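Work through these exercises with the sequence and the 3D view open. Try each task before reading its solution.

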Amino acid sequence: MDILTFTTQQHWTTWFAVYLFLGGMGAAVVAVSFLTHMYLREEKELVMWGALSGVAMMVVGSGMLFLHLLNKWAIFYIVSPYGVFHKPDSWIAWGSQFIVWIQIAAVLYALPYMVEKPRLLGWPVVGNVLKMPIVLQVAGVAKKIHPILGWVGIVTGIGTAVYTGLLLQSFPAVTLWHNPAVPILFTVSAFSTAMAWLLIVMYTFIYHRVDHSIRALYERIDLGLITAELIIVFSFFNFTLSGSEGGYRSAEMLWGSNGWLFGFVLFGLIVPLAMELKCVFGSWSGKAPIVTASLLVLNGGFQLRAYFMAAGIYAYPW
Amino acid sequence: MTHYAMVIDLATCVGCNACMAACSLENQTPVWADHWRTKVHDREVGDGHGITRRFIPRLCNHCDNPPCMTVCPSGATYKTKEGVVLVEVERCLGCGACAMACPYDARYPATSDDIDTGKEYYGKLQRKSPSMDKCSFCYHRLLKEGEPACVQTCVGYARMFGDLDQPNDPVTQLVRSGKARPLMAHLGTRPNVYYIPER
């Protein structure tokens, strides 16, 4: 009776880590760029990049989940707002609503700026769509309700990032996932990768069109987020070391893996933290160090989720 | 009220797998993919001349607090008033969250390919669309006052089925006496499949 089998699962593998990574980061990108636009500076380029790249990430991430559904027609049960009233205790039902509404809010929020942007208007298909009278009317309405759209994007963005962790927390047989720190870790990681992505955008594509103070602020916030993530990761290490056999086996898998140690902890957290510290408070200047550090943070964000999925050890009673 | 539960006596399970055969025919499960609604696991215990085989049949535990039902985003997984956890096939997305949430490994995917294969294997197939699948305690048989196919076919009478709301039901008495115990009770799932350990 008390013999236990410890094993990993084969249902949600690396593809699910892509969903968690892109979904969390995309949502946080939208939330961060909206907050910046609403309360710091009206950076039109940044909010367009944030909204559209965030939507693109969530489309790809959600697409990974959609492709793996056995019965794709049943998706209508969860994309309709009724879904969350029917199943308010399911985090996937909430997450689906967040992802739907954040994408609508993001596109509408960016639309008034898109219809004014000559480069976009010159694009073959996109330009023609943006010049359509109905689109111009929608853009006008969207401009009038900008604060509402902004807050829809911020709330659903934070909600989506938290949801990616709450989802894993819902699985009681896995010690690594079923604990209160998982949503916190995934939320911090989502916002850290969002900062990293927006820093890359601001240092490469729109360097001269964004005020330097925004970049400097993002660098400092990202420093805090990476530090918080390091603390949470090491508290996980301490938590899994004792208390349950499944947790201990997860710890053995993670901390015995070079990919986790070097790919995530060292080059996904510690090295970018040191590089950003040197950029913010030290002598490093120029674009290369911060872009490199941000790329490492993005890689670390994906590694975290991929290893978390792989190291979820189930304890079955036979 | 009715509160269905099953008791499995591990001392009398001989590992004949008749329950697996009966269940697969009754419920047309995708056995070609090694997916069963009930499966008898076996394990060698001891060593040398003292080595023996032990069997533990497992199935959905029809928990009173089922994590698979909580995570289900569409409400496809639901509980009947008798405590049986069922899946509404047409409503199930097949996202797999229930399989991830189940601490008893009782969920598996029944895919479109399985439907095609099932038509050849079983002839007329009840299933029309893919979904996550699981044991239903043969609910269609319970409605006709029958019992699950695995219980009816068990040659060693290792499986017993009853109503926990009936004090004189042998299953109720085994559970109340503490002889039959649930698996992984510490997870708070309140399972309704109980096991009598080997003596």
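**Exercise 1: a sheet in chain B**

Chain B holds an open sheet of four strands with mixed pairing, in the order β8-β1-β10-β9. The model is predicted. Task: find the edge strands of this sheet, then the helix that packs on the sheet.

Solution.
- Step 1. Look for strands that pair on one side only. These are β8 (159-163) and β9 (181-182) of chain B.
- Step 2. Follow β9(B) to its partner. β9(B) pairs with β10(B), residues 193-196, in the antiparallel sense over two bridges. B:Pro182 stands opposite B:Tyr194 of β10(B).
- Step 3. Add the helix. Helix α7 of chain B, residues 170-177, packs on the sheet and touches β1 (4-9), β8 and β10 of chain B. The direction of α7 makes about 95° with that of β8(B).

**Exercise 2: two helices in chain A**

Task: describe how α5(A) and α9(A) cross, and say what kinds of residues make their contact.

Solution.
- Step 1. Locate the helices. α5(A) covers residues 91-114, and α9(A) covers residues 146-169.
- Step 2. Compare the axes. They come within 8 Å and cross at roughly 145°. The crossing is left-handed.
- Step 3. List some of the residues that meet. Those from α5(A) include A:Trp91, A:Trp94, A:Phe98 and A:Trp101. Those from α9(A) include A:His146, A:Gly150, A:Gly153 and A:Tyr163.
- Step 4. Sort the contact residues. There are 16 nonpolar, eight polar and no charged.

**Exercise 3: the length and cover of α5(A)**

Task: check the span of α5(A) against the expected value, then say how many of its residues are buried.

Solution.
- Step 1. Take 1.5 Å a residue. The 24 residues of α5(A) should then span 34 Å.
- Step 2. Compare with the model. The end C-alpha atoms of α5(A) are 33 Å apart, which agrees.
- Step 3. Count the cover. In α5(A), 18 of 24 residues are buried, so the helix is mostly covered.

**Exercise 4: two positive phi values**

Task: B:Gln28 and B:Asp34 both have positive phi. Decide for each one: buried or exposed?

Solution.
- Step 1. Place the residues. B:Gln28 is in the loop between α1 (18-27) and β2 of chain B. B:Asp34 is in the loop between α1 and β2 of chain B too.
- Step 2. Read the angles. Phi is near 50° for B:Gln28 and near 60° for B:Asp34. Neither residue is glycine.
- Step 3. Use the counts. B:Gln28 has 21 other C-beta atoms within 10 Å, so it is buried. B:Asp34 has 8 other C-beta atoms within 10 Å, so it is exposed. The cut-offs are 20 or more for buried and 12 or fewer for exposed.

**Exercise 5: the surroundings of A:Met275**

Task: state where A:Met275 lies and which residues it touches.

Solution.
- Step 1. A:Met275 lies in helix α13 of chain A, residues 258-281.
- Step 2. A:Met275 has 19 other C-beta atoms within 10 Å, so it is partly exposed.
- Step 3. Leave out residues up to four places away in sequence. A:Met275 then touches A:Pro289, A:Thr292 and A:Ala293.

**Exercise 6: where the chains meet**

Task: describe the side of chain B that touches chain A.

Solution.
- Step 1. Count the residues. 33 residues of chain B are in contact with 27 residues of chain A.
- Step 2. Name the elements. β2, β3, α2 and α3 of chain B each supply at least two residues to this side. α3(B) gives the most, with four residues.
- Step 3. Sort the residues on the chain B side: 20 nonpolar, nine polar and four charged.

How values were computed
Residues numbered from 1 in each chain as written. Chains lettered and ligands numbered in written order. Predicted model: local features only at pLDDT ≥ 70, side-chain atom pairs only at ≥ 80, totals over all residues. Contact = placed C-beta atoms within 7 Å. Nonpolar A, V, L, I, M, F, W, Y, C, P; charged D, E, K, R; others polar. Axes fitted to C-alpha atoms, helices over the stretch in contact; angles between N-to-C directions. Left-handed = near helix turned anticlockwise from the far one by under 90°. Pairing = 2+ DSSP bridges. Expected span 1.5 Å × (residues − 1).
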